[in-house]
Amino acid sequence: MVNDAVHDLGRGFAGTALYRVVLAQDSGQWDTAHTTARTLAGQPAAVHPAGASLYRGAPAVAYVLHTAGHSAYRSALGNLDSVLTTLVRTRLADAHRRMEAGRPPRMREYDLISGLTGLGALLLQRGTQPELLDDVLRYVVRLLQESITVHGEEVPGWWTSDGPSGRPGTAWPTGHGNFGMAHGVAGPIALLALSTRAGHSVAGQHQALTQGCRLLEERAHYLTDGSPAWPESLTLSEWLSRSPVPECPNRPSRPSWCYGTPGIARALQLAAIACSRATPRRLAEDAFTACAADPEQLARVDNATVCHGWAGLCLAAERSAADTAQDSALRRVLPSLRSRFATHVADQPLPDTAGLLTGGDGILLTLHTLNPARPIATGWETCLLLN
């Protein structure tokens, strides 16, 4: 796969462009954003199914230009819609052939960063091709509801043949089950839930969401302090034995958007709201509150980025809290989280890399978005499946 840093939303210039168009929306000053957009759209972007996804290539460009919401980009977006149609149809055809053959998926087939869940998030945000979005939702419903056989054992349809790196490996001979928002089952669940919230539903969607709630309820485990959490990933033997987490079942994982409680709890909360299930909603909100107030878990946050750090944690907490009661415990911990995020940014230099997920752009964009004096709501967080 070609390393195209210009059209990389997570780690490259497309993340810079996203930050600049959101600033322009807020300020009304578009000169810098237009210059950035011309650079982004002026170079050929990947369209091949092997290299194009929400976070890379032409779809990443479309995401940025749509988020800008400026009439100057209407023609370019129309052309990108045609590219997106071909890409999604090709990816769906490949996925359904794989399903018919009964093989487990590669991680990049369905995940948020590289797969059909991410392309579905773009279609949901664009709103210009509802039939194509429905086709993606039907695929996700099938992914969540059908089972497959791996080494003679029945596992869910989202069980990937890869290891957590996204590649097959000798350390993961039977693949793994991934629970995270970025690369695992939380992403498809969140996509279905946000689509339901936006009025897009296909046959079986409610049942798939209910099944997703049940999955995350059943696979929650409890830390030594009694608070709920989830594994990041499981081997086949751990899945079959219902072992809660590898190696250290009572130690919390890092509270990150990509793999940890913030992303998974938000996906469960969204799904529970979408299918009106009170118990899993309470579990999700309790888990997030406990995570956000636990000194041991917060001590494991060692950077400010969206993917692994304070920005992603705080953004997920804010969006989750917005769906709770005004006097909820989760809302009460927000000021402390904001303060720790701001203190970290003040004390540590920003990353010297670009991008939404791992670069300084995502940190600055989150600080701008969560500024209590000037809250903004551009909808850019759909690429994180938080809103």
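**Pocket lining, core packing and backbone features of the predicted model**

Helix H4 (74-101) and helix H5 (107-110) each contribute at least two residues to the lining of the largest pocket. The model examined here is predicted. H4 gives the most to this lining, with four residues. The lining of the largest pocket comprises 35 residues in total, and Arg56, Arg108, Asp111, Ser114 and His183 lie nearest the centre of the pocket. The space within the largest pocket amounts to about 870 Å³. By class, 15 residues of the lining are nonpolar, nine are polar and 11 are charged.

Helix H6 (residues 116-126) is mostly covered, with 11 of its 11 residues buried. The buried positions of H6 include Leu116, Thr117 and Gly118 at its start, and Gln125 and Arg126 are also among the buried residues of this helix. The stretch Leu119, Gly120, Ala121, Leu122, Leu123 and Leu124 is buried as well. The buried residues of H6 pack against helix H3 (58-68), H4, H5, H7 and helix H8 (186-197). H4 and H5, two of these packing partners, are also the helices noted above for supplying at least two residues each to the pocket lining. Just after H6, glycine 127 adopts a positive phi of about 70 degrees.

The largest nonpolar core has 123 residues, of which Leu9, Trp257, Leu356 and Leu384 touch the most other members. Helix H7 (residues 130-145) provides the largest share of this core, nine residues. With residues up to four places away in sequence not counted, leucine 9 touches Ala14, Gly15, Leu18, Leu54, Tyr55, Ala60, Tyr63, Val64, Gly355, Leu356, Leu357 and Cys383. One of these contacts, Leu356, is itself among the core residues that touch the most other members.

Valine 141 lies in helix H7. Valine 141 is classed as buried because its relative accessible area is 5%, against a cut-off of under 20%. When neighbours within four places in sequence are left aside, valine 141 is in contact with Leu192, Val202, Ala203, Gly204, Gln205 and Ala208. The C-alpha atoms of valine 141 and alanine 193 are 11 Å apart, while the two residues are separated by 52 residues along the chain.

Two polar or charged side chains were also examined for burial and contacts. Serine 320 lies in helix H14 (residues 310-321). Serine 320 has a relative accessibility of 1% and therefore counts as buried. Its contacts, not counting residues up to four places away in sequence, are with Arg266, Gln269, Phe288 and Leu330. Glutamate 381 is found in the segment after helix H16 (360-369). Glutamate 381 counts as buried because its relative accessibility is 2%. Leaving aside neighbours within four places in sequence, glutamate 381 is in contact with Tyr63, Leu315, Arg319, Thr369, Leu386 and Asn387. Tyr63 is thus a contact of glutamate 381, and Tyr63 is also touched by leucine 9.

The structure holds zero disulfides. For cysteine 291, the closest cysteine sulfur is that of cysteine 314, and the two sulfurs do not form a bond because the distance of 11 Å is too far. Cysteine 314 is likewise in no disulfide, its nearest cysteine sulfur being that of cysteine 291, 11 Å away. The cut-off for a disulfide is a pair of cysteine sulfur atoms within 2.5 Å. Cysteine 291 counts as buried because its relative accessibility is 1%. Cysteine 314, with a relative accessible area of 2%, is also buried.

Positive phi values in residues other than glycine were found at histidine 151 and leucine 385. Histidine 151 has a phi of about 50 degrees and is found in the loop between strand E1 (147-150) and strand E2 (153-156). Histidine 151 has a relative accessibility of 62% and so counts as exposed. Leucine 385 has a phi near 60 degrees and lies in the segment after H16, where glutamate 381 is also found. In contrast to the exposed histidine 151, leucine 385 is buried, with a relative accessible area of 0%.

Notes:
Residues numbered from 1 in each chain as written. Predicted model: local features only at pLDDT ≥ 70, side-chain atom pairs only at ≥ 80, totals over all residues. Heavy atoms only, no water. Core = buried A, V, L, I, M, F, W, Y, C linked by side-chain atoms within 4.5 Å. Buried < 20%, exposed > 50% of the residue type's maximum accessible area, 1.4 Å probe, protein only. Contact = heavy atoms within 4.5 Å. 1 Å grid on protein atoms, 1.4 Å probe; cavity = no way out; pocket = protein on both sides within 12 Å on 5 of 7 lines; lining within 4 Å. Points joined across faces, edges and corners; volume = space filled by probe spheres on them. Nonpolar A, V, L, I, M, F, W, Y, C, P; charged D, E, K, R; others polar.
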